[in-house]
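I opened this structure to see how its parts sit together. My notes follow in the order I made them.

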Amino acid sequence: NLLEVTAHKTSAFYTEKILKRLRMLFESTCLSKEMNKQNERYDKRIEKLRVSYCNTSQIYPDAVDLKLELTLNEVGNEISDLQQLYRYFLNFQKNLATAFWYRTQVVYRFYQIVRDAAQQRYIIHFYLTFNRSLYSDSLGYCNDIRERWLKVTGYMGTCMCPEENHQHASL
């Protein structure tokens, strides 16, 4: 009985102590400055990507974009975290780089990992831009990409491909 009361008081004491420390951290200017630095780095990275994409648009004005969604099935989502998903994606990129069509036809690539709160999972938006003069049917690319994603994820991956290609748009 005494042990339970002491444990309860101890947990309440440490919980309160942690909360006070968190309040101090969130109210401090250090956190605000660090978040501003992170935001500035992110903004610079996005601007660099935008410029790179614009340059690609000038070189390949009639390029074709292929947009895909890579994620894990229900079992994969249960046993994998964001870091594991990212490791799968890095292995996928290495695997994809071995494909002749990828090395010769893709002129721009971009990915973004987003959280789908409704389905409690992460999705990788994967964009490829192709030189139109070398481009063939999107179904062949999608099938190859899907097979490669499945293999690197231990057959826990899913790949959603669009039904049709989209004309490359300049920013």
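I began with a pair of residues in two strands: Val64 stands opposite Phe130 in β3. I should record at once that the model is predicted.

Next I looked up the strands behind that pair. I found that β1 and β3 are joined by 7 bridges and run antiparallel. On the β4 side, which covers residues 157–160, I found 4 bridges to β1, and this pairing is antiparallel as well. I noted one partner there: Leu70 is bridged to Cys159 in β4.

Is β1 enclosed or open to the outside? I checked burial and found 7 of its 9 residues buried, so β1 is largely enclosed by the rest of the structure.

I then turned to helix α4. I read it as residues 82–96, 15 residues in all. From its first C-alpha to its last, α4 reaches 21 Å, close to the 21 Å expected at 1.5 Å a residue.

At the N-terminal end of α4 I found a cap. Asp81 provides it, with a side-chain oxygen 3.3 Å from the backbone nitrogen of Gln83.

Which residues of α4 are buried? I listed Leu85, Tyr88, Phe89, Phe92 and Leu96. They lie on the same side of α4, because they cover an arc of only 100 degrees around the axis. On the other side of α4 I noted Gln83 and Lys94 as exposed. Gln83 thus enters my notes twice, as an exposed residue and as the one whose backbone nitrogen faces the cap from Asp81.

What do the buried residues of α4 pack against? I found β1 (64–72), β2 (106–116) and β3 (121–130) among the strands, and α5 (100–105) and α6 (138–152) among the helices. The strands β1 and β3, which I had already seen joined by bridges, are therefore both on that list of packing partners for α4.

I also looked up Ile59, which lies in helix α2 (residues 29–59). Is Ile59 buried or exposed? Its relative accessibility is 59%, so I entered Ile59 as exposed. I checked its separation from Asn131, 72 residues apart along the chain, and found 9.6 Å between the two C-alpha atoms.

Last, I checked confidence. The protein chain averages a pLDDT of 87, and 90% of the residues score at least 70. Over residues 164–171 pLDDT stays under 50. For that stretch the model has 28 contacts beyond four places in sequence.

How values were computed
Residues numbered from 1 in each chain as written. Predicted model: local features only at pLDDT ≥ 70, side-chain atom pairs only at ≥ 80, totals over all residues. Heavy atoms only, no water. Expected span 1.5 Å × (residues − 1). Buried < 20%, exposed > 50% of the residue type's maximum accessible area, 1.4 Å probe, protein only. Arc of directions from axis to C-beta. Contact = heavy atoms within 4.5 Å. Polar contact = N/O pair within 3.5 Å; in protein donor to acceptor, adjacent residues only side chain to side chain. pLDDT = per-residue confidence, 0-100. Pairing = 2+ DSSP bridges.
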